[in-house]
Amino acid sequence: MTGHFSYPDNLMPFADLGLSDELLRAIGDSGYTEPTPIQAGAIPPVLMGKDLIGIAQTGTGKTAAFVLPMIDILGEGRSRARMPRSLILEPTRELAAQVAENFEKYGKYHKLSMALLIGGVQMGDQIKALEKGVDVLIATPGRLMDLFQRGKILLTGCDLLVIDEADRMLDMGFIPDIEEICTKLPKQRQTLLFSATMPPVIQKLAAKFLTDPRRIEVSRPASSNLNIEAKLVETRSDKKREVLRDLLRAEDVSTAIIFCNRKTTVRELTTSLKRSGFAVGQIHGDMEQAARIAELDRFKGGEINILVASDVAARGLDIKGVSHVFNFDVPWQPDDYVHRIGRTGRAGAKGKAFTLATREDGEAVAQIEKLTGNRITRVGADVAPVAASADEAPASEQPAKARRSRDSEEKAPRRRTKAEAPAPQQRERAEPSPQQQQPSPQDEPQKQRQPEPRPQRDERKQPAPAPRTEQRRPEPADEEGWNGPLPGFLSVGFGS
DNA sequence: AAAAAAC
C-alpha cells in the first residue's frame, strides 16, 4: 500500500479495508461508502500494527485515516485506571476537539472511553476521566505534560501513538515536548505520524521514533486544489481596510474567513468591519476558550457570516460552506498561506481566496509562489472598484488602487451579505451528495462563474459542486468538527 | 516582524 495516490483511482469501498462491522455501520450512518486515498492507503497497514508516515494536507480525510483503525484496534481490550491505551497529539485545542468529535461519531457502536486534554479548561474533569481509565487520550502537548508532571497519567500502557500535524508542531516549537513524551511511552508500540510536509527535523523525528514505517503520500496540496480560485490584490497598506470592504461587497460573499497576521489586527479589523455594518466575529489565541467556541458557533450557525481570525484558525478547522478566504495580511510563512486558503474550496465546493499584498510583501509573495509552484493571479481595479485619488503613491508597479470615498469606513455597507439570509448549509454534511452543495435555489449554475471577479450585486455566485470524479466521492471525516452540537464530553470541558 | 500552547 505504500506509494502515491491520486484521487480518481484507488476506489475501494470501506468494506474491503478490514474494518469491523460496527465501524462500517457508523461510517455508513455518516453517509460514506468509499474511503479517500489516504484512508485506503493507511487503514490496512495500521490495522496490521505497522508504523506509518502519512503525508497529507488537511481536507484529505486524514483524521479518519487514523481514527477508524484505532477504534477497531482499541475495541479489543479494556482500559485501566490512569493508564491510557493510546495517545493522539494535536497542535491546537480546536484540532484536538475535532479529533475527539470524530471518535464520538465513528465509535458510537464501540464502548471506548476517551479524554480530551487541552488547556484553557479546568483540569478537574480531565483528571476524573483519567482516573477512571481511558482508551484514547487526545491532547495538546502543554496540558498533557502538565498532567503528567502532576502524576495524573501513566503512559507506560500507551502502545499506540499518533503525532498529527507534525510540521505544525515544529512551527510551534513543540518538538522537544513531543520527544519527551515519546520517551515516556513504551518502546514497543505502534506510532503514526502525519504531516503536510516533511522538513528535515520531522524526518529525523520519524527516524528516531518510528520503526520501519509505511509511507503514504497524498498529493493534494491546497495550491493544486482546483476548487480554489486565488487572487492577489496589490494595495497600499493604508488602503487595506477599504479594499477589503470593497471586496466583501463586490464579491457577494456568503461566508468568509479573514486572516490577519497579528492578534491586534484581528481585534482592530473586527471592530472596523462591525462599524461598517458587517456581521463579523473574531477568533484568536488571546481569547478565552469559551469565547473562541462561542464565536465559532455564531459563525457556523449563520448569525455572523464573516470571521476575522489569526492563524489559530488557519489549519485543520473544517467549517462547511466557507465561500471566501481573505488574507488581510500576507502570511509570514508560505505554508500558512496554503493552510489558510484551504479553509475554502472544501468537500468539492468552489472557493475564492483573495490576498491583499503591499509592496513590502513582495518577498513573502515570492516565497508562497515558489512553494505552490503557481503564480497567483494579480487583479486590479476592476475587482476593487475604487476611484483614483490624487494622493496615490506613484512608485508601485501596479496601477494604483484608490478609494471610493475618503470616509467609506463610516458609511453603511451596500448590503450585509449573508447575514440577512440563511447561512449556506454550514451545518450540513456537504460531502455525500453534490446537490447538497447548492446552497439556495437562486444560485447561479457553475457556468456563470466569471474568470475574473467583478462586482455583481444582483447575482449570487455560490460554490457549486465540481464535476471532477474525486469530488463526487465522499471525503470522510477529516477535521469535520464544529458542524453540529458539541458532544457531551466536550461541552463539559468547554462550557465552564 | 506572529501565532500557538500550561498555570
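The residues of the surface near DNA strand B divide into five nonpolar, 12 polar and eight charged, in a model that is predicted rather than determined by experiment. Of the 25 residues around DNA strand B, the ones that come nearest are Gly 119, Gly 142, Arg 143, Gly 285 and Val 312. Two elements give two or more residues to this surface, namely helix H6 (141-149) and helix H11 (263-275), and the largest share, four residues, comes from H6.

The chain that forms this surface, chain A, contains 16 helices and 15 strands, and buried residues make up 51% of its 496 residues. Among the contacts in chain A with a separation of 6 or more, 78% are between residues 24 or more positions apart.

In soluble globular proteins, nonpolar side chains tend to be buried together. Two separate nonpolar cores are described here, as set out in the table.

| Core | Residues in core | Residues named |
|---|---|---|
| Largest nonpolar core | 72 residues | Val 136 and Ile 138, with the most contacts inside it |
| Second, separate core | 48 residues | including Leu 273, Ile 304, Ala 314 and Phe 326 |

Helix H3 (residues 62-74) gives the largest core its largest share, eight residues. Val 136, one of the two residues with the most contacts inside that core, touches Met 70, Leu 74, Ser 86, Ile 88, Phe 103, Leu 112 and Met 114, when residues up to four places away in sequence are not counted.

Helix H9 (residues 200-209) shows how burial can be arranged around a single helix: its buried residues are Ile 202, Leu 205, Ala 206 and Phe 209. These four lie on the same side of H9, because they cover an arc of only 100° around the axis. On the other side of H9, Pro 200, Lys 204, Ala 207 and Lys 208 are exposed. The buried residues of H9 pack against strand S2 (52-55), helix H7 (166-171), helix H8 (175-184) and strand S7 (190-195).

The loop between H9 and strand S8 (214-218) holds Pro 213, which counts as buried because 20 other C-beta atoms lie within 10 Å. Leaving aside neighbours within four places in sequence, Pro 213 is in contact with Asp 51, Leu 52, Ile 53 and Ala 206. Of these partners, Ala 206 is also one of the buried residues of H9, while Leu 52 is 161 residues from Pro 213 in sequence and yet 4.6 Å from Pro 213 in space, C-alpha to C-alpha.

Technical notes:
Residues numbered from 1 in each chain as written. Chains lettered and ligands numbered in written order. Predicted model: local features only at pLDDT ≥ 70, side-chain atom pairs only at ≥ 80, totals over all residues. Core = buried A, V, L, I, M, F, W, Y, C linked by C-beta atoms within 7 Å. Buried ≥ 20, exposed ≤ 12 C-beta atoms within 10 Å, placed from the backbone. Contact = placed C-beta atoms within 7 Å. Near = placed C-beta within 6 Å. Nonpolar A, V, L, I, M, F, W, Y, C, P; charged D, E, K, R; others polar. Arc of directions from axis to C-beta.
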